[in-house]
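Biologist: I would like a close look at a single part of this protein. Please keep the sentences short, and show me the structure before we begin.

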Amino acid sequence: MSECGGRGGGGGNNSEDAEDEGGGPKGSGSLSPARAAASLEGRIRRGLRGASLMARQRPELLCGAVALGCALLFALKFTCSRAKDVIIPAKPPVSFFSSRSPVLDLFQGQLDYADHVRQDSEVVVLFFYAPWCGQSIAARAEIEQAASRLSDQVLFVAINCWWNQGKCRKQKHFFYFPVIHLYHRSFGPIEYKGPMSAVYIEKFVRRAMKPLLYIPSQSALLDFLSSYEVLSLRYW
């Protein structure tokens with residue numbers, strides 16, 4: 001016999017039991033809202049009576065449940081109150097270039113110091129990097145190679161521009177890494193946008209070291225234009 005249909009035969013079941021099992025009056029397919037509410041109320045009452053009876057027969061179970069609930073609430077409150085104490089500050093940065101490198105490594109983002117040493121040099125190359133960046137890591141050896149070949153004429157400075165406590169991160173807003181800027185005593189900066197190769201970087205720096213070239217004739221000019229890239233220098 002289906003639980004949703006009315007029960008056949010006469011009887012023995014009172015109306016409350018019939019409603020509890022999901023049946024309705026004979027011939028009815030579903031409970032009315034009023035009967036459904038009465039059925040739910042009956043179940044809640046019987047559940048409360050059963051819990052009360054169990055508490056009287058086994059009071060230790062009720063005490064244990066209350067104690068467990070209090071312990072869980074205390075643990076939750078303690079965890080939330082200690083959440084602000086588990087924040088671990090970022091580790092300080094470490095050197096990106098070795099101590100034997102010809103590149104001056106300002107791994108704490110000391111942009112002010114870079115500006116200071118730039119005033120005492122004719123030509124300075126600033127290499128802005130992020131230590132986690134794969135392109136920065138790949139360009140590191142190329143910068144070192146170019147710096148070793150130009151160290152007697154050019155100062156190469158690397159600056160960690162990612163550490164959040166460094167001045168470089170606070171003052172510069174780069175959208176990519178690495179970034180190379182060249183400063184001449186008379187002008188700058190010029191951003192290098194060529195391949196991250198020591199050969200091309202060195203060629204770029206050497207051209208900027210001699211920004212003026214005397215071209216005596218038109219044929220010499222045409223030869224120059226066909227052999228070299230023209231640098232667009234921005235004068236400040």
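In which hand of crossing does H5 pass H7?

Modeller: This is a predicted model, and H5 passes H7 in a right-handed crossing. Let us set out the two helices. Helix H5 covers residues 134-150, and its axis comes within 8 Å of the axis of H7. The two axes cross at roughly 45°. An angle under 35 degrees would count as roughly parallel, and one from 65 to 115 as roughly perpendicular. The crossing angle fits neither class, so H5 is oblique to H7.

Now the residues that touch. H5 brings Glu142, Ile143, Gln145, Ala146, Arg149 and Leu150 to the contact. From H7 come Ala198, Ile201, Glu202, Val205 and Arg206. By type, the residues of this contact split into 6 nonpolar, 1 polar and 4 charged.

Next, the sheet. It is open and has 5 strands, in the order S1-S3-S2-S4-S5. Its pairing is mixed. At the edges are strand S1 (104-106) and strand S5 (190-192), each pairing on one side only. From one strand to the next, the twist averages 25°. Take S1 and its partner as an example. S1 runs parallel to strand S3, residues 155-160, and 3 bridges join them. In one of these strands sits Ala158 of S3, the bridge partner of Asp105.

H7 belongs in this picture too. Helix H7, residues 198-209, packs on the sheet and touches S2, S3, S4 and S5. The direction of H7 makes about 25° with that of S4. Another helix, H4 (residues 111-118), lies across S1, S2, S3 and S4. H4 runs at about 170° to S3.

Two prolines deserve a look. The peptide bond from Phe177 to Pro178 is cis, with omega near -10°. Pro178 lies in the loop between helix H6 (167-171) and S4. Gly188 and Pro189 are also joined by a cis peptide bond, with omega about 5°. Pro189 lies in the loop between S4 and S5.

Last, the confidence. The protein averages a pLDDT of 77, and 64% of the residues score at least 70. Over residues 1-29, pLDDT stays under 50. The model has 32 contacts beyond four places in sequence for that stretch. Residues 230-236 also have a pLDDT below 50. That stretch has 15 contacts beyond near neighbours in sequence. Where pLDDT is low, predicted coordinates should not be read in detail.

Key: Residues numbered from 1 in each chain as written. Predicted model: local features only at pLDDT ≥ 70, side-chain atom pairs only at ≥ 80, totals over all residues. Heavy atoms only, no water. Pairing = 2+ DSSP bridges. Helix = DSSP H or I, 4+ residues; strand = E, 2+ residues; numbered from the N terminus. Axes fitted to C-alpha atoms, helices over the stretch in contact; angles between N-to-C directions. Contact = heavy atoms within 4.5 Å. Parallel < 35°, antiparallel > 145°, perpendicular 65-115°, else oblique. Left-handed = near helix turned anticlockwise from the far one by under 90°. Nonpolar A, V, L, I, M, F, W, Y, C, P; charged D, E, K, R; others polar. pLDDT = per-residue confidence, 0-100.
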